[in-house]
Amino acid sequence: MAEVTAAAPTVHMRGDGWRMAARGIGQLLITFGVVILLFVVYELWGTNFYTQGQQNQLEDSIHHGWNGGGPDITQTNVKNVPLGSGIAVLRIPRFGKNYHMVIVEGTGYEDLKRGPGHYPGTALPGQVGNFAVAGHRTTYLAPFNKIDTIRRGDAIVLETKSKWLVYRVQDVPAGRGYPAVPFHEIVDPTDVQVAFAVPDQSNPDKKPKLRLLTFTSCNPKYSATQRFVVHAELEKVQPKNDGPPAALTAGG
Amino acid sequence: MYVWIWRRLPGGLPGKLVGSLVLLAGALALLFFIVFPYAERRLPFQDITVDPQPTPRPTVTVSAAP
């Protein structure tokens, strides 16, 4: 730019108006493109910082509750859990040794920005029914980014005040009032029955017998047209005093 | 547009550079803290829950959290 003006001191010539207009439009379009790219940066990278900050706070407060007089979530009535509070610490060995997220109560937009969210009204960890949790597949630390890598037989571990709960990803066979529930399914966004106490049938109030866990996330990645669902069943409960469960300590 | 701004920034070359950086930082802050969060809510990327349309489950609160 500087060279051009230096070489041509009489800048204002006929046709400059068109040239300026074209340049102005060009710059606007480039700016618009850069803004869109920045939005992608914000979504995929910037949002992580918010969630990490929230997770750190949740972790502090959940440990504070465990060490102090906080309630034992496995013994709590689901109606008494305040929205936005930390419920349990989630670990999934398949997602790596360092993976841990505090699950928050609530699946509202703001709740899910803070971490994976527990569907209010569904069972709490370790309880009979279906502990249903929604989590982002992309953005906001993407707790369920690799949900599609979960396989039959994988462990899903919840840490609560006094217990370790180990859920095992598996198909629930038909019988005992349950329909056959596959360990993973891809459903429409309105298919709420995946989170019912007895999943995959039409009655939300059907009395459950099993202790299940259900994850929902979006599918395909970066889209919201379907939901990716994983089911697991409680396999083992062990006191915190016994140390972390084998699912966490065993290699891989 | 940018030429127009550049010409109006005071303080010679150092002043113009500092002024440009301040404006750029301001624009980025506006985008990241106000425009993008606002835009995100209006885009469907964040839908990850299963939700019935007529909400048969009364306990479900839909994005009304603080």
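Helices (H or I, at least four residues) and strands (E, at least two) are DSSP runs, numbered from the N terminus. With that in hand, here are some points to follow on the structure above.

1. Some ground rules. This is a predicted model, in which local features need pLDDT of at least 70 and side-chain atom pairs count only at pLDDT 80 or more, while totals for chains, interfaces and linings use all residues. Residues are numbered from 1 along each chain as its sequence is written, chains are lettered from A and ligands numbered from 1 in the order in which they are written, and side-chain values use heavy atoms, with hydrogens and water left out.

2. A good place to begin is the loop between strand 4 (129–134) and strand 5 (155–159) of chain A, where Gly135(A) sits. Gly135(A) is buried, at a relative accessible area of 0%; buried means under 20% relative accessible area, exposed over 50%, and partly exposed in between (1.4 Å probe, protein chains only). Leu141(A) belongs to the loop between strand 4 and strand 5 too, and with a relative accessible area of 26% it is partly exposed. Leu141(A) also has a positive phi of about 70 degrees, although it is not a glycine.

3. Another positive phi is found at Asp200(A), about 60 degrees, and this residue is not a glycine either. Look for Asp200(A) in the loop between strand 7 and strand 8 of chain A; its relative accessibility of 21% makes it partly exposed. For background, most residues other than glycine have a negative phi, and most peptide bonds are trans.

4. The peptide bond between Asn219(A) and Pro220(A) is cis, with omega about -15 degrees. Pro220(A) is placed in the loop between strand 8 (211–219) and strand 9 of chain A.

5. Next, strand 7 (residues 184–187) of chain A. Glu185(A) and Val187(A) point to one face and are buried, whereas His184(A) and Ile186(A) point to the other and are not. In a regular strand the side chains alternate between the two faces of the sheet. Strand 7 pairs with strand 9 (residues 226–239) of chain A in the antiparallel sense, over four bridges; two strands pair if DSSP finds at least two bridges between them. Opposite Ile186(A), in strand 9, stands Phe228(A). The C-alpha atoms of Glu185(A) and Gly135(A) are separated by 16 Å, and the two residues are 50 apart along the chain.

6. Now to the surface of chain A. Phe32(A), Ile36(A), Val40(A), Val41(A), Leu44(A), Trp45(A), Phe49(A) and Tyr222(A) make a nonpolar surface patch of about 850 Å². Of these, Phe49(A) is in helix 2 (residues 16–67) of chain A, and it is exposed, at a relative accessible area of 53%. Patches are made of residues with over 30% relative accessible area and no salt bridge, with like charges joined within 9 Å and nonpolar side chains (Val, Leu, Ile, Met, Phe, Trp, Tyr) within 5 Å.

7. Chain B has two helices and zero strands. It has 66 residues, of which 23% count as buried.

8. Finally, the two chains together. Contact (heavy atoms within 4.5 Å) takes in 40 residues from chain A and 28 residues from chain B. Phe39(A), Tyr42(A) and Tyr109(A) supply 21% of the area that chain A buries against chain B, more than any other three residues. Buried area is the accessible area (1.4 Å probe) that two parts lose on being put together, summed over both. Between chain A and chain B there are zero salt bridges, a salt bridge being a side-chain nitrogen of Lys or Arg within 4 Å of a carboxyl oxygen of Asp or Glu.

How values were computed. Areas by Shrake-Rupley, 256 points an atom, 1.4 Å probe, with all protein chains shown as cover.
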